[in-house]
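User: I am learning how labels such as "buried" or "salt bridge" are assigned to a protein. Please take me through the reasoning for the structure below.

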Amino acid sequence: MNKLDTIGIILIIFGLLGIIGTAYSFTLGTATDAQQVLLDSSIIIERHEDSIRSTGESIKGIGYPMEQVGGYMRDAGRLINVLPFVKAGDPLQDGGELMYDVGSTLNETGSDLIDTANNMRTLAENLRKLSDDIIVMMNMAMMGIGLMSFMFIITGFGFLEIGSDRREITRLRSELDELKRR
């Protein structure tokens, strides 16, 4: 066995392993599994998106009335302080200011949660699109690997044929040399 035969056998073995691996991947449905993972992730994100959106809307709904009540308390404290020699409105004014700040913060937090929910919806839609594309990409990759494996096998048989042709040429040369000697 010469070098060409060895290279041919190695290429045939690699080709067979590639075809077996490709067939095994198709049999297992690797692309379908990847698609299912992305779809499941999309569903989970959508489910959380709905709850985050409703939480954001609830918090925002609480924030605005707290802002108003805080503003009214602050204004009431200022009115009480208008009376001469009365400072009883200071705690009410401070409490109103604090309640107004808390309401503003809740309002902003609610808006941020709603924006996060919108981003999650976009992410879920993109995952759905990707799940469809991944099937095509993985099937194309598997077909490419299968075709390369088939090419390895054909090339391996070519090397084996070249090796056998060289052996035949060597044998014919030796027969010609033997005939010339006679």
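User: Why is Arg-128 called partly exposed?

Analyst: This is a predicted model, and every label rests on its coordinates. Arg-128 has a relative accessible area of 33%. Buried means under 20% and exposed means over 50%. The value for Arg-128 lies in between, so the residue is called partly exposed.

User: What makes the contact between Glu-46 and Arg-128 a salt bridge?

Analyst: A salt bridge needs a side-chain nitrogen of Lys or Arg within 4 Å of a carboxyl oxygen of Asp or Glu. For the side chains of Glu-46 and Arg-128, the N to O distance is 2.8 Å. That value is within the cut-off of 4 Å, so the pair counts as a salt bridge. The pair links distant parts of the chain, with Glu-46 in helix H2 (residues 30-82) and Arg-128 in helix H3, 82 residues apart. Glu-46 is partly exposed, at 25% relative accessibility.

User: How do you know that Arg-74 is buried?

Analyst: The relative accessible area of Arg-74 is 15%. Buried means under 20%, so Arg-74 receives that label.

User: What makes Arg-74 and Glu-97 a salt bridge?

Analyst: The closest N and O atoms of Arg-74 and Glu-97 are 3.3 Å apart. The limit is 4 Å, and therefore the pair qualifies. This pair also links distant parts of the chain: Arg-74 belongs to helix H2 and Glu-97 to helix H3, 23 residues apart. Glu-97 counts as partly exposed, with 32% relative accessibility.

User: Why is the charged end of Arg-74 said to sit over the ring of Tyr-100?

Analyst: Two conditions apply: CZ of Arg must be within 6 Å of the ring centre and within 35 degrees of the ring normal. The charged end of Arg-74 is 5.1 Å from the centre of the Tyr-100 ring. This distance meets the first condition, and because the contact is listed as sitting over the ring, the angle condition is met as well.

User: How many aromatic pairs does the structure hold?

Analyst: The structure holds zero aromatic pairs. Two rings would need centres within 6.5 Å to be counted as a pair.

User: Where in the chain do Glu-168 and Arg-171 lie, and what makes them a salt bridge?

Analyst: Both residues lie in helix H3. Because they are three residues apart there, about one helical turn separates them. Their side chains meet with an N to O distance of 2.3 Å, which is within 4 Å, so they form a salt bridge. Glu-168 is partly exposed at 34% relative accessibility, and Arg-171 is partly exposed at 37%. Elsewhere, salt bridges that share partners join Glu-49, Asp-50, Arg-53 and Arg-121 into one network. The structure holds nine salt bridges.

User: Why is Leu-17 called exposed, whereas Leu-16 is called partly exposed?

Analyst: Both Leu-17 and Leu-16 are placed in helix H1. Exposed means over 50% relative accessible area. Leu-17 has 52%, so it is exposed. Leu-16 has 44%, which falls between 20% and 50%, so Leu-16 counts as partly exposed. The C-alpha atoms of Leu-16 and Gly-146 are separated by 9.4 Å, although these residues are 130 apart along the chain.

User: What makes up the nonpolar patch on the surface?

Analyst: Its members are Ile-9, Ile-10, Ile-13, Phe-14, Leu-17, Ile-145, Met-148, Met-151 and Phe-152, with about 810 Å² of accessible area together. A patch residue needs over 30% relative accessible area. Leu-17, at 52%, therefore passes this test. H1 and H3 each supply at least two residues of the patch, and the largest share, five residues, comes from H1.

User: How do you know that Asp-115 is partly exposed?

Analyst: Asp-115, which lies in helix H3, has 44% relative accessibility. This value is neither under 20% nor over 50%, so Asp-115 is partly exposed. Asp-115 and Ile-52 are 63 residues apart in sequence and 9.6 Å apart in space, C-alpha to C-alpha.

User: Where is confidence lowest, and where is it highest?

Analyst: Confidence is lowest in helix H1 (residues 3-28), with a mean of 83, and highest in helix H3 (residues 89-181), at 87. The protein averages a pLDDT of 85, and 99% of the residues score at least 70.

Technical notes:
Residues are numbered from 1 along each chain as its sequence is written. This is a predicted model: local features need pLDDT of at least 70, side-chain atom pairs count only at pLDDT 80 or more; totals for chains, interfaces and linings use all residues. Side-chain values use heavy atoms; hydrogens and water are left out. Rings of Phe, Tyr and Trp (its six-membered ring) pair if their centres lie within 6.5 Å; planes under 30 degrees apart count as stacked, over 60 as edge-to-face and the rest as tilted. pLDDT is the predictor's confidence in each residue, from 0 to 100. Helices (H or I, at least four residues) and strands (E, at least two) are DSSP runs, numbered from the N terminus. Patches are made of residues with over 30% relative accessible area and no salt bridge: like charges are joined within 9 Å, nonpolar side chains (Val, Leu, Ile, Met, Phe, Trp, Tyr) within 5 Å. Accessible areas come from the Shrake-Rupley method with a 1.4 Å probe; for residues, only the protein chains shown count as cover. Buried means under 20% relative accessible area, exposed over 50%, partly exposed in between (1.4 Å probe, protein chains only).
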